[in-house]
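Ready for some practice in reading a protein structure? Take a look at the chain below, then work through the exercises one step at a time.

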Amino acid sequence: RGRQSSCSIQPQCDRRVQPRQARRLRAYEARPELVPDFGLHRAIGRARQALTATEKTSPKDIDVMVLRGELELRARDPKAALAAWTAAEGIEHSARTAFGQARARAALADVEGSKKLAKQTLERNAGHVGAKILLAETSWQTQQAEKEAIKLLGETVTQAGQASPDEIVAAQTLLGKIHLARSRITHAETAFGEALKVSPKA
């Protein structure tokens, strides 16, 4: 006798699993960015273990708390990230803790909360590039506040030496989307072109 399947009714088991797998494969073909990065998942798991051990010996170390917030954002666990950044805010009232909370709120689709915290970040550090981009995005999403968004993005792309390549790409891409929404095709092409100069895959 051959080895029996762990599924007591093999045909039903096949009908239940295979269509689900096929749908998943079709989704991955349409949007490759959705394919899980198992290497990243393993790395995050190891990082969490190491960080948990460090937290036991240094529970109030602000750098450890900030690292936890960044790690959970990277792991796409916004609830855990918000909890970590809120705890960090209890130790240090700074631009980085406010911005961490702002990003976690944004990941939770709390646009108004994110906007408020991005403003708080800029109150603590007027030149904070990431907060300007996030505030521009939330202002555009909630109020179609074009002038405010363009002003913030313009400041970002002219902050030579302060904005990272990723931040420049994000700012120029959002700028292009705003111009495109207003049918300013030439301005949109210019902004997208600037983003591509920094990152050809943008």
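## Exercise 1: A glutamate and its surroundings

Glu194 sits in helix 10, which covers residues 185-198. Keep in mind that this is a predicted model.

**Task.** Is Glu194 buried, partly exposed or exposed?

**Solution.**
- Step 1. Start with the value: the relative accessible area of Glu194 is 30%.
- Step 2. Recall the cut-offs: buried is under 20%, exposed is over 50%, and partly exposed is in between.
- Step 3. Glu194 is therefore partly exposed.
- Step 4. Now find Ala171 in the view: Glu194 and Ala171 are 23 residues apart along the chain, and their C-alpha atoms are separated by 9.9 Å.

## Exercise 2: The chain as a whole

**Task.** How many helices and strands does the protein chain have, and what percentage of its residues count as buried?

**Solution.**
- Step 1. Count the elements: the protein chain has ten helices and zero strands.
- Step 2. Written in order along the sequence, the pattern reads α-α-α-α-α-α-α-α-α-α.
- Step 3. For burial, 34% of the 202 residues count as buried.
- Step 4. Turn to the surface: the accessible area of the chain is about 12,800 Å², and carbon and sulfur atoms account for 53% of it.
- Step 5. Finish with the contacts: of those between residues at least 6 apart in sequence, 43% join residues at least 24 apart.

## Exercise 3: Two sides of a helix

**Task.** Which residues of helix 4 are buried, and which helices do they pack against?

**Solution.**
- Step 1. Locate helix 4: it spans residues 78-91, 14 residues in total, and reaches 20 Å from its first C-alpha to its last, close to the expected 20 Å.
- Step 2. List the buried residues of helix 4: Pro78, Ala81, Leu82, Ala84, Trp85, Ala88 and Glu89.
- Step 3. Look around the axis: these residues cover an arc of only 165°, so they lie on the same side of helix 4.
- Step 4. Check the other side of helix 4, where Lys79 and Gly90 are exposed.
- Step 5. Name the partners: the buried residues of helix 4 pack against helix 3 (62-74), helix 5 (95-107) and helix 6 (111-124).

## Exercise 4: Finding the core

**Task.** Which helix gives the largest share of the largest nonpolar core?

**Solution.**
- Step 1. Begin with the members: this core has 22 residues, and those touching the most other members are Leu134, Leu135, Ala136, Ala149, Leu153, Leu174 and Ile178.
- Step 2. Trace where the core comes from: helix 5, helix 6, helix 7 (129-143), helix 8 (146-157) and helix 9 (165-181) each give two or more residues.
- Step 3. Helix 7 gives the largest share, seven residues.
- Step 4. Zoom in on one member: leaving out residues up to four places away in sequence, Leu153 touches Ile133, Ala136, Ala171, Leu174, Leu175 and Ile178.
- Step 5. Apart from this core lies another, of nine residues, including Met65, Val66, Leu73 and Leu82.

## Exercise 5: A lysine and a histidine

**Task.** Are Lys132 and His179 buried or exposed?

**Solution.**
- Step 1. Place Lys132 in helix 7.
- Step 2. Lys132 has 8% relative accessibility, so it counts as buried.
- Step 3. See what surrounds Lys132: not counting residues up to four places away, it touches Leu122, Ala126, Gly127, Leu152, Glu155, Thr156 and Gln159.
- Step 4. Move to His179, which is in helix 9.
- Step 5. His179 has a relative accessible area of 10%, so it is buried too.
- Step 6. Beyond its neighbours within four places in sequence, His179 is in contact with Ile150, Arg184, His187 and Ala188.

## Exercise 6: Positive phi

**Task.** Where do Arg76 and Ala109 lie?

**Solution.**
- Step 1. Arg76 lies in the loop between helix 3 and helix 4, and has a positive phi of about 60° although it is not a glycine.
- Step 2. Arg76 has 75% relative accessibility, so it counts as exposed.
- Step 3. Ala109 lies in the loop between helix 5 and helix 6, and its phi is near 65°, also a positive value.
- Step 4. At 62% relative accessibility, Ala109 counts as exposed.

Key: Residues numbered from 1 in each chain as written. Predicted model: local features only at pLDDT ≥ 70, side-chain atom pairs only at ≥ 80, totals over all residues. Heavy atoms only, no water. Helix = DSSP H or I, 4+ residues; strand = E, 2+ residues; numbered from the N terminus. Buried < 20%, exposed > 50% of the residue type's maximum accessible area, 1.4 Å probe, protein only. Contact = heavy atoms within 4.5 Å. Areas by Shrake-Rupley, 256 points an atom, 1.4 Å probe, with all protein chains shown as cover. Expected span 1.5 Å × (residues − 1). Arc of directions from axis to C-beta. Core = buried A, V, L, I, M, F, W, Y, C linked by side-chain atoms within 4.5 Å.
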